[in-house]
Amino acid sequence: LEPRIGANIVFGDTTVTGNYMDITGNGIYIGFEAVQCMDFGTITYGDVYIAYNEIETSGGMGIYYYGWMYFLDSVTVNIGQMEVARNNLSGSSGQGIYIDIWDIMEIYGTTQVHVGVTWIHNNNVSGYYHNIYFRPDLVGIFVYDSSAIYFGDTIIEENTLGDVTTDGNSIYITMTYNAWEMYDQSVVHMGDVYIRNNVLNDTILGDNSRGIYVYIDENGYYMYDNSMFSMGGVYIHDNNIIADTFGIYAGAQYIGGYMYHNSQASMDGVFVRDNDVWTNSYQTLNFEIYSFGYHMYHNSRLQVGNFEITGNTFNNTGGWTNTYINHLGWGEYMSGQSEAWFGSFIIEHNTFVAQNSQYAVYMNYFGAVGYYLYGSASVHAGDFRFNHNYIDSNRNGLYISSMGYIGYEMYQDTHVEFGNIEFNHNTIDADRHTGSWNYGIYVSEIGYSGYDMYGNSQ
């Protein structure tokens, strides 16, 4: 749809309920190949309600919904909430519930886009490659002037998800290229993501299946002038998961990258809490954090909350480690008066049972906090805390292969602060494997910190 100047466009509510489908192909397929090239005026989309459908597919998708819009100048857009609830879906491949919203690109002037809450709950889904696939990608590509996008919260809760096909995921979320290349006084806000109280039960061993997979990449990237990006937290809690390989994968990288002038970016953090996870092989939890505050210049600023793994029970019967954590880069290649602020990294009150693994908790790297700083750039980070955990391991408890490069290559008037490092009140039983030299807590290379410092750096 390519309306002329000043149009007022209204779409009512979309309701799909109470249908029975047994089909080769796709069950419900809805796409808004939306509005483009519009100046001034308003666009209103009502609520979307997809519920109480019985769908069996062969080779296709159960429920697919997508929407996009681009080239809007001084347009007001209001999009209602989406609710996908109480559907029963079974398939043999493809996606079960696939929501791909909203690609919003090339917006100018005083455009305001408001997207309501996405709520996916109380569905029964099994047999697909991804049982639930939620994809809020490309929200705010090339955003100019005083235009703004406000994307509501996402709630995925109380779903019962069965087997997936080989290499599949029960819940799969990608959030990539949001707030990507912003100028002037533009604003993009992404709401909280809640994945909670779901039951994921993949009983097919050896199918390389994963439970919850969340991947965030290049959000708040290429920011100029006085542009602002903010993102809520990712909360993965109170889920019951059985999977073949990864129980939970939570990965985020390049948040706040290539920031210039007075641009600002923020994220509330990632929280993995009170989950019960069992895997047949590989990791119950794979937690990877890369390059937050990457190439920051002038007066740019990044604010990030905590990363927390607390109150979980992680149990695996195979694979080389129960839990894998990779942290590399908080504040890298910064100059001018740029600032990066980070909360704490907290691993507390968890139970790790690694019945046959070499490691219970393996941290490949923890470091590169304040890495290559110039001018008056500064990095401020909270604590690292590994406290009150119970470990029952075949061989090693907590193993950190490298922990260092905190304040590395600092010049002029740069500044790095890092909080406390704590390993307190843990119970570690690592004697399942006899005849080898094991470690309760092993930390290598607490070094190269405050290394190669010049000028008035601190």
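**Exercise 1. Classify Glu308 by accessibility and find its salt-bridge partner.**

Glu308 has 12% relative accessibility and therefore counts as buried (buried is under 20% relative accessible area, exposed over 50%, partly exposed in between, with a 1.4 Å probe and protein chains only). The model is predicted, so local features need pLDDT of at least 70 and side-chain atom pairs pLDDT 80 or more, while totals for chains, interfaces and linings use all residues. Residues are numbered from 1 along each chain as its sequence is written, and side-chain values use heavy atoms, without hydrogens and water.

Step 1. The partner is Arg273, at 3.2 Å from N to O (a salt bridge is a side-chain nitrogen of Lys or Arg within 4 Å of a carboxyl oxygen of Asp or Glu).

Step 2. Arg273 belongs to strand S30 (residues 264-273) and Glu308 to strand S33 (residues 301-310), so the pair ties together parts 35 residues apart in sequence (strands are DSSP runs of E, at least two residues, numbered from the N terminus).

Step 3. Arg273 is partly exposed, at 28% relative accessible area.

**Exercise 2. Describe the salt bridge between Arg301 and Glu339.**

Step 1. The closest N and O atoms of Arg301 and Glu339 are 2.6 Å apart.

Step 2. Arg301 lies in strand S33 and Glu339 in strand S36 (residues 339-342), so this pair joins parts 38 residues apart in sequence.

Step 3. Arg301 is partly exposed at 31%; Glu339 is also partly exposed, at 26%.

**Exercise 3. Place Arg135 in its salt-bridge network.**

Step 1. The side chains of Arg135 and Asp100 meet in a salt bridge of 3.9 Å, N to O.

Step 2. Arg135 sits in the loop between strand S16 (130-134) and strand S17 (139-143), and Asp100 in strand S12 (residues 95-108), so the pair links parts 35 residues apart in sequence.

Step 3. A network of salt bridges links Asp100, Arg135 and Asp137. The whole structure has six salt bridges.

**Exercise 4. Characterise the second largest cavity.**

Step 1. Its volume is about 60 Å³ (a cavity is a set of points on a 1 Å grid over the protein atoms alone where a 1.4 Å probe fits but cannot get out; lining residues have an atom within 4 Å of a point). Grid points are joined across faces, edges and corners, and the volume is the space filled by probe spheres set on the points.

Step 2. Strand S29 (248-259) is one of the strands that supply at least two lining residues; S29 gives the largest share, three residues.

Step 3. The lining has eight nonpolar, one polar and no charged residues (Ala, Val, Leu, Ile, Met, Phe, Trp, Tyr, Cys and Pro count as nonpolar, Asp, Glu, Lys and Arg as charged, the others, Gly among them, as polar).

How values were computed:
1 Å grid on protein atoms, 1.4 Å probe; cavity = no way out; pocket = protein on both sides within 12 Å on 5 of 7 lines; lining within 4 Å. Helix = DSSP H or I, 4+ residues; strand = E, 2+ residues; numbered from the N terminus.
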